[in-house]
Amino acid sequence: MATTPRSRNTLTLYSAKNCVVCHKVRMVMAAKGITYDLIAVDTANPPEDLLMLAPHYHSVPTLVERDNAIYISNVISEYLDERYPHPALMPAEPIFRAMHRIAVRQVEQDWVPQVQAIMAGGKNLEPARKRLKELILESLPFFKSNKFFFGNEMSLVDCAITPIIWRLPALGIQLPKDAKCVEDYGLRIFRNPAFMRSMTPEEKVLRDLALS
């Protein structure tokens, strides 16, 4: 994770310390070996420069390349994949690219709100846990049949899903024994040094796991 002075790099990422969609973008950047400056954001009190860069959409993650601000995690992820094409995290064929986009959108629209509801606590906590567990179990055929979610190559779909799988113990979700393939899938990625580089100190302690 980059910590060099902002003036040395052309990319700056505004990111919360424990945010599943921010983690997704950081995972894309780590997978590609992109050097960037990281600005940790308190979402309850965003910094003035973020407000100035994106006055109508001062959310995280926000990526800044020189004077251009890019927001919305899926847009940032695809931009980075196009801007830094190696290794590619989207397939070349248009139909398969469309399938990947659908999967990422489903994670963003269905899985992520459950994670956010669990983290927020309150009356929606248990329903959100139940629904997230259901969504993961509905996807078991993908976890069982492939090294990664959509085949033998890592993709933007994995960058969207893996931060959620990493958080499952912290979210209070225990999958049944017949879903061991989900944990196996996670471990294949967790043990990659790039995944460890993608995390903040706050995220690293969400799971007690020996990654040797």
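In which strand is Glu-65 found? Glu-65 belongs to strand S3, which spans residues 62-65. The model described here is predicted.

## Surroundings of Glu-65

Glu-65 counts as buried, because its relative accessibility is 7% and the cut-off for buried is under 20%. Beyond its neighbours within four places in sequence, Glu-65 has contacts with Thr-10, Leu-11, Tyr-79, Arg-83 and Tyr-84.

Two of these contact residues, Arg-83 and Tyr-84, also interact through charge and ring. The charged end of Arg-83 is placed over the ring of Tyr-84, at 4.9 Å from the ring centre.

## Aromatic pairs

How many aromatic pairs does a search of the whole structure find? The search gives eight. One of them joins Phe-143 and Tyr-185: the ring centres are 4.9 Å apart and the planes stand at 75°, so the pair is edge-to-face. The pair connects distant parts of the chain, with Phe-143 in helix H6 (residues 140-145) and Tyr-185 in helix H8 (residues 180-190), 42 residues apart.

Both partners are shielded from solvent by the accessibility criterion: Phe-143 is buried, with a relative accessible area of 2%, and Tyr-185 is buried at 0%. Phe-143 and Tyr-185 also belong to one aromatic cluster, together with Phe-142, Phe-149 and Phe-150.

## Salt bridges between distant segments

The structure holds twelve salt bridges. Among them is the one between Arg-101 and Glu-78, where the closest N and O atoms are 3.0 Å apart. This pair spans 23 residues and links distant parts of the chain, Arg-101 lying in helix H4 and Glu-78 in helix H3 (residues 73-83). Arg-101 is partly exposed, with a relative accessible area of 36%. Glu-78 is likewise partly exposed, at 22%.

A salt bridge also forms between Arg-207 and Glu-183, with the closest N and O atoms 2.9 Å apart. Arg-207 lies in the segment after helix H10 (201-204) and Glu-183 in helix H8, so the pair ties together parts that are 24 residues apart in sequence. Is Arg-207 buried or exposed? Arg-207 is buried, with a relative accessible area of 9%, whereas its partner Glu-183 is partly exposed at 29%. Helix H8 thus appears in two of the links described here, holding Tyr-185 as well as Glu-183.

## A salt-bridge network

Which residues are linked in a network of salt bridges? The network consists of Lys-130, Arg-131, Glu-134 and Glu-138. Within it, the side chains of Arg-131 and Glu-138 meet at 3.5 Å, N to O.

The two residues of this bridge fall into separate accessibility classes. Arg-131 is partly exposed, with a relative accessible area of 31%. Glu-138 has 52% and counts as exposed because the cut-off for that class is over 50%.

## Nonpolar surface patch

A nonpolar patch on the surface is formed by Ile-95, Phe-96, Met-99 and Ile-102. Together these residues have about 380 Å² of accessible area.

Met-99, one of the patch residues, is located in helix H4, which covers residues 94-120. Met-99 is partly exposed, with a relative accessible area of 37%. Helix H4 also holds Arg-101, the partner of Glu-78 in helix H3.

Note on methods:
Residues numbered from 1 in each chain as written. Predicted model: local features only at pLDDT ≥ 70, side-chain atom pairs only at ≥ 80, totals over all residues. Heavy atoms only, no water. Helix = DSSP H or I, 4+ residues; strand = E, 2+ residues; numbered from the N terminus. Buried < 20%, exposed > 50% of the residue type's maximum accessible area, 1.4 Å probe, protein only. Contact = heavy atoms within 4.5 Å. Patch = residues over 30% accessible without salt bridge, like charges linked within 9 Å, V, L, I, M, F, W, Y side chains within 5 Å. Areas by Shrake-Rupley, 256 points an atom, 1.4 Å probe, with all protein chains shown as cover. Salt bridge = Lys/Arg side-chain N within 4 Å of Asp/Glu carboxyl O. Phe/Tyr/Trp six-rings, centres within 6.5 Å; stacked < 30°, edge-to-face > 60°. Lys NZ or Arg CZ within 6 Å of the ring centre and 35° of its normal.
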